[in-house]
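Here are a few notes from my pass through the model, mostly on chain-level totals and some spots to look at. Have the viewer open as you read.

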Amino acid sequence: MLPQLVKKVVANNPKKLANLIDLVNLPSTLRDFVGQSQISRLGCFTRVWSYIKANNLQDSNNKNVVNCDEKLKRILLGRSQVELAELPALIKLHFPKEPK
Amino acid sequence: MGRIPPSLRSAVSTSLIKRAPDSQPLSDQPRQFLHKPIKRKPAKVSAAEQESGRLQQKPLLKSPDLNDAKKLFNSLVAAARAPLEVRFNNAFLQSYAAISTPDNSISLLHHMSKTLPSFSPDRSTFHLLLPHCCASPESSRSLSAVRQTLNLMVNKGFDPNQVTVDIAVRSLCSAGHVDEAVELVKEMALKHCKPDTYTYNFLVKSLCKTRVLSSVYGFIDEFKTSFDVEPDLITYTILIDNVCNSRNLREATRLVSVLKECGNKPDCYVYNTIMKGYCMLSKGSEAIGIYKQMKEDGVEPDMVTYNTLIFGLSKSGRVSDARKYLKVMVDNGYLPDAVTYTSLMNGLCREGNVMGAVELLEEMKVKNCEPNSCTYNTLLHGLCKGRMLEKGIELYGLMKQVGMQIETASYATFVRALCREGRVAEAYEVFDYAVESRSLTDVAAYTTLESTLKWLVKARQQGLAV
């Protein structure tokens, strides 16, 4: 038995890694938000998270919740509030699924 | 010593000069410690070079084009008030060789000899051409450039010696051309001289890293029969280390008996290497066995022995035994360092005694032993696993203050512990820190965060978490 079971799932799996960092042609909604015609899923997440921080969109009472402004609503299913815990999953919806 | 005018002193940038080769024989070098490569002492830097180093001018040799270099050299020769010294010429050639192809460098060498009759290339000139010939990608197909340089040396009356072989082998191996290095050494052994122990051991080490064990053994056998070059204590240590890293302790023990048969006495390094092998497999009793064997054989355990033993025992869950050896260590005059303490902390955390680990941190500070990054990460990991999140957050704050790197394991455990308590925003913040401090790549940091959150969402749905 290996003493350390480090989960390098993505790093060792080229398909999963590609899914995360390959540039993808975007649907118009995302394109407007990001300002680019292509972005990777990781890049998009980073961009959205920076946007949230820069515009102080985290709820002052509960930092785990984000109050979406108009721009953000358009890419997060029109929700006025989202949980930080849901953020990666919501962004993933915009991106093509992993080929099985 | 010819004085070079100020305008020319900046001509040769010392930033391009990596190291001036040593042309003295290696016979008086102390025996190398396994894990450190030989550091060649740079030949004394002439005043001219020191000057140019101080001035830090932009490199004059920007173009790899041969004709440009020739023209530049001609102008330098013409402008010099006094004859240019050998070191300057060597430096010029080296700067050019660094940016051009081996063939061009050799041509430049010829040109320099023709233009400046006083410039007679000596051994050091060839020695500085050699690494560039070896490192070039053409070497993987044929050693023509290397052979050309070597032939030149012979023609000029400098037979390649052991230093030459050593330089060539090291450059070839660092460029990944290990097979070619072996080929070259065999050639040189037949024509000129056998490799010295340093070259031989370096080659064995490179082979261990890139080839299977059987081919390394084949190499050793071949050299024994064809060239009468025997493996020595260091060779065996390299082999044992390699074999232990592949978790093959049986082969390691066999190698030790072979070592003894050949009349070599295993020393501290050998024993430490085997002990490390057992410790990596969490075999505490075997590790202690090695310690006892060392003492029986009259080999004095050193700091590394004690640290290895304590690490291994802690890892195997035998913390009280580890502590015993801590006492033995101190009794024998060795002061425990950060490594020792961190190993113990690791053991304590594994047994679930996290408070004990924290107390150890205090003890370290009292004994003026500076905790390092590994210490903090081990502790953070232990605190999170031991459900002492608040203390973990406190520790994380300390780490952030000093800009300490966070390791993959402690990052993952920390993020998970935070999410488990519903403190997702703080987990995001840790993610930010991990990326900012370049502790992890953004891919690694994000992947952990994403999978943890995925787990959290599922757990919440099942009513298992906040």
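Does Ser282(B) count as buried, partly exposed or exposed? This is a predicted model, so keep that in mind for what follows.

1. Ser282(B) counts as partly exposed, because its relative accessibility is 31% and the partly exposed class lies between 20% and 50%. You'll find Ser282(B) in the loop that links helix 14 (268-280) and helix 15 (284-296) of chain B. Its backbone deserves a look too: phi is positive, about 60 degrees, although Ser282(B) is not a glycine.

2. Asn368(B) is another non-glycine residue with a positive phi, about 60 degrees. This one sits in the loop between helix 19 (354-366) and helix 20 (373-385) of chain B. Asn368(B) counts as exposed, since its relative accessibility is 73% and the cut-off for exposed is over 50%.

3. On the surface there's a patch of positive charge made up of Lys16(A), Lys92(A), Lys454(B) and Lys458(B), so residues of chain A and chain B both feature in it. Lys454(B) belongs to helix 24 (residues 442-461) of chain B and is exposed, at 59% relative accessible area.

4. As for chain B overall, it has 24 helices and zero strands. Of its 466 residues, 52% count as buried. Taking chain B contacts with a separation of 6 or more, 67% come from residues 24 or more positions apart.

5. Chain B exposes about 22,200 Å², with carbon and sulfur atoms supplying 53% of that area.

Definitions and conventions. Residues numbered from 1 in each chain as written. Chains lettered and ligands numbered in written order. Predicted model: local features only at pLDDT ≥ 70, side-chain atom pairs only at ≥ 80, totals over all residues. Heavy atoms only, no water. Patch = residues over 30% accessible without salt bridge, like charges linked within 9 Å, V, L, I, M, F, W, Y side chains within 5 Å. Areas by Shrake-Rupley, 256 points an atom, 1.4 Å probe, with all protein chains shown as cover. Salt bridge = Lys/Arg side-chain N within 4 Å of Asp/Glu carboxyl O. Lys, Arg positive; Asp, Glu negative; His and termini not counted. Charge placed at Lys NZ, Arg CZ, Asp CG, Glu CD. Helix = DSSP H or I, 4+ residues; strand = E, 2+ residues; numbered from the N terminus. Buried < 20%, exposed > 50% of the residue type's maximum accessible area, 1.4 Å probe, protein only. Contact = heavy atoms within 4.5 Å.
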